[in-house]
Amino acid sequence: MQASEFDVLIVGGGLAGLSLACALRDTRLRIGLVEQRPPLRPAGWDARVYALSPANAVFLQEIGVWKHLAAERIAPIHVMKIFGDDRAELEFSAYETGLPELGWILESSLMACELWENAKRQGNLSLCYPAVPQSLTMGPAAAALTLANGDTLSAKLLVGADGRDSWIREALALPAINTPYGEMGLVANFECARPHGGIARQWFRADGVLAWLPLAGDRISIVWSTPDEHAKTLLAMPAEALAARVAAAGHHQLGALRLLTPPAAFPLRLMQVPRIVAPRLALIGDAAHGIHPLSGHGINLGYQDAKVLAALLASTPDWQDIGNERLLLRYQRERREETLLMQTTTHALHKLFRDDLPALKPLRNLGMNLTNALPVLKNALVRYAIGAL
C-alpha cells in the first residue's frame, strides 16, 4: 500500500468487510482495507460454515464472487426440517415455496479466500496487511488511523468491520449490550453413511439446539449450541465417541457418522449495538450485531449491511460528504428493522425452548405442528426468512 488518504477505509478483512470493498469496485471512491492477516484455505474441509440465503447469493453474484467459488464445495438446501422436543415437526420445502433452493451451505474460508482474491484484482482498492490499528483520531474532515508500524491512514469514512470484539467500536466508546447465553457453539464436520438429500435438519433438544447442515457429497457440518459444561464434555470425547453421540442425538437419520474435522467451540452471546453510525463512522457485520446461531443468519445480516452501505455510498453525489452523520443515519435506519427482527426472534426461540416451565412444552410444540399444517403461513415464513419476498 502506497496511498495514505482514502474516501473509505475499512478496518477488518472478514466476509463483511471484504464484501463491502468488492461492492464498491465500480465507484470512483478510493478504498483502503486494513487487515491483520489474509484468509487461509485449510487443507481439508472447514468446520465453520454458513447458510447463505438466495438474496445474498445474488449479492455475491453482483460483486463478481459467486462465479469463482468452487461449485463442488457448495451444497444446496432443498428442504429444512425442524424438530421440537416432543415429536413436533416443521418442514420447509423449496419446491412447495416455488424456489429452486432455500439456500446454500458454504465454508467460511471458501468465501473469504475468493473475496480476498477478488479484492486483490480491484483497481480502486488498496490492501494494507499485515496491519494492526493502534490509535484513532476523528477530525472534522477525516478520520485518522495510526497503525502499530507508525503509518497513518486517513479517510472521509471509516468502516468498522472488525468483528464482535471490535477495536474500532471500543476506540470510539460506542456501547454494546452483551447478553451471554451460557452456551457454546460446537462445530465439526462428519461423513455420513446415508445421503443427506440436501436436507438441513435442526433439533430443539433439552441439551441445546443441534443443526445438521448438508455439505457437498455425503457429508454434513454440525452446529450444536449447548450449555458450556456439555460443550466441554463433547470436546473432550474421542472422535468415534463424539460421532456416535452426534448420530444418536439426530436419531441416526443419516446412519453412522465419521468425524472429518477436529471439533471446535466458541462462546455464544446476544450483542446489541444501539448506535452503528457516528460522524465519519459506520459499523457492519459482527461489529454491529450478534445473534444466536440457531437461525443461521449471522453472515446474511453482515452481507446485507455491506450491500446497503455500498448502495448508499455509490449513490451519493461527489459533492456530498460521505462521512456526514445525517447521511450515515440512513444506513442505520435501513438496517435496524431486519437486525432487530432477527435478534428478537432468535432470542425468543432460544428462551422458549430452553425454559423448563411445564406449561410451555405443549404450547411450543403445538405451535410448530399448527404452522406445519398451514401451507400459506409456512411458505410466507420461509420466503421472508430467506429474503425472497
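1. Start with a contact you can find quickly on screen: the charged end of Arg-73 sits over the ring of Trp-45, 4.0 Å from the ring centre. For a charge to sit over a ring, NZ of Lys or CZ of Arg has to be within 6 Å of the ring centre and within 35 degrees of the ring normal.

2. A word on the model before going further. This is a predicted model, where local features need pLDDT of at least 70 and side-chain atom pairs count only at pLDDT 80 or more, while totals for chains, interfaces and linings use all residues. Residues are numbered from 1 along each chain as its sequence is written, and side-chain values use heavy atoms, with hydrogens and water left out.

3. On confidence: pLDDT is the predictor's confidence in each residue, from 0 to 100. The chain has a mean pLDDT of 88, and 87% of its residues reach 70 or more. Residues 363-374 are the stretch to treat with care: pLDDT stays under 50 there, and the model has 26 contacts for them beyond four places in sequence. Contact here means heavy atoms within 4.5 Å.

4. Now the sheet with β3 in it. Helices (H or I, at least four residues) and strands (E, at least two) are DSSP runs, numbered from the N terminus, and two strands pair if DSSP finds at least two bridges between them. The sheet is open, with 3 strands in the order β3-β7-β4 and antiparallel pairing. Its edge strands, β3 (49-52) and β4 (75-77), each pair on one side only. From one strand to the next, the twist averages 25 degrees.

5. Looking at one edge of that sheet, β3 pairs with β7 (residues 103-107) in the antiparallel sense over 4 bridges. To get the register, note that Val-49 stands opposite Glu-107 in β7. Helix α2 (residues 54-62) packs on the sheet and touches β3 and β7, with its direction at about 100 degrees to that of β3. Axes are lines fitted to C-alpha atoms, for helices over the stretch in contact, and angles run from 0 to 180 degrees between N-to-C directions.

6. Which aromatic residues pair up? The count comes to 5 aromatic pairs, taking rings of Phe, Tyr and Trp (its six-membered ring) whose centres lie within 6.5 Å; planes under 30 degrees apart count as stacked, over 60 as edge-to-face and the rest as tilted. One of them is the tilted pair of Phe-59 and Tyr-303, at 6.0 Å centre to centre with 55 degrees between the planes. Phe-59 is in helix α2 and Tyr-303 in helix α8 (residues 298-315), so to speak a link between distant parts of the chain, 244 residues apart. Both Phe-59 and Tyr-303 are buried, meaning under 20% relative accessible area (exposed is over 50%, partly exposed in between; 1.4 Å probe, protein chains only).

7. Another pair is stacked: Phe-83 and Trp-203, 5.3 Å centre to centre and 15 degrees between the planes. This pair also links distant parts of the chain, with Phe-83 in strand β5 (residues 79-83) and Trp-203 in strand β13 (residues 199-205), 120 residues apart. Phe-83 and Trp-203 are buried. Together with Trp-212, Phe-83 and Trp-203 form one aromatic cluster.

8. Why is strand β10 described as largely enclosed by the rest of the structure? Because 4 of the 5 residues of β10 (residues 143-147) are buried. Strand β9 (residues 133-138) runs antiparallel to β10, joined by 5 bridges, with Pro-133 opposite Leu-147. β9 and β10 form a hairpin with 4 residues between them.

9. On to β11 (residues 152-160), which is antiparallel to β10 and joined to it by 4 bridges. Ala-143 stands opposite Ala-155 in β11. β10 and β11 form a hairpin with 4 residues between the strands, in which Gly-150 takes a positive phi near 100 degrees.

10. Finally, some backbone spots to check. Most residues other than glycine have a negative phi, and most peptide bonds are trans. The peptide bond from Tyr-129 to Pro-130 is cis, with omega near -15 degrees, and Pro-130 is in the loop between β8 (125-128) and β9. Ala-173 has a positive phi near 55 degrees; it lies in the loop between α5 (167-171) and β12 (177-192) and is exposed, with a relative accessible area of 62%. His-251 also has a phi near 55 degrees, sits in the loop between α7 (239-249) and β16 (257-259), and counts as exposed at 54% relative accessibility.
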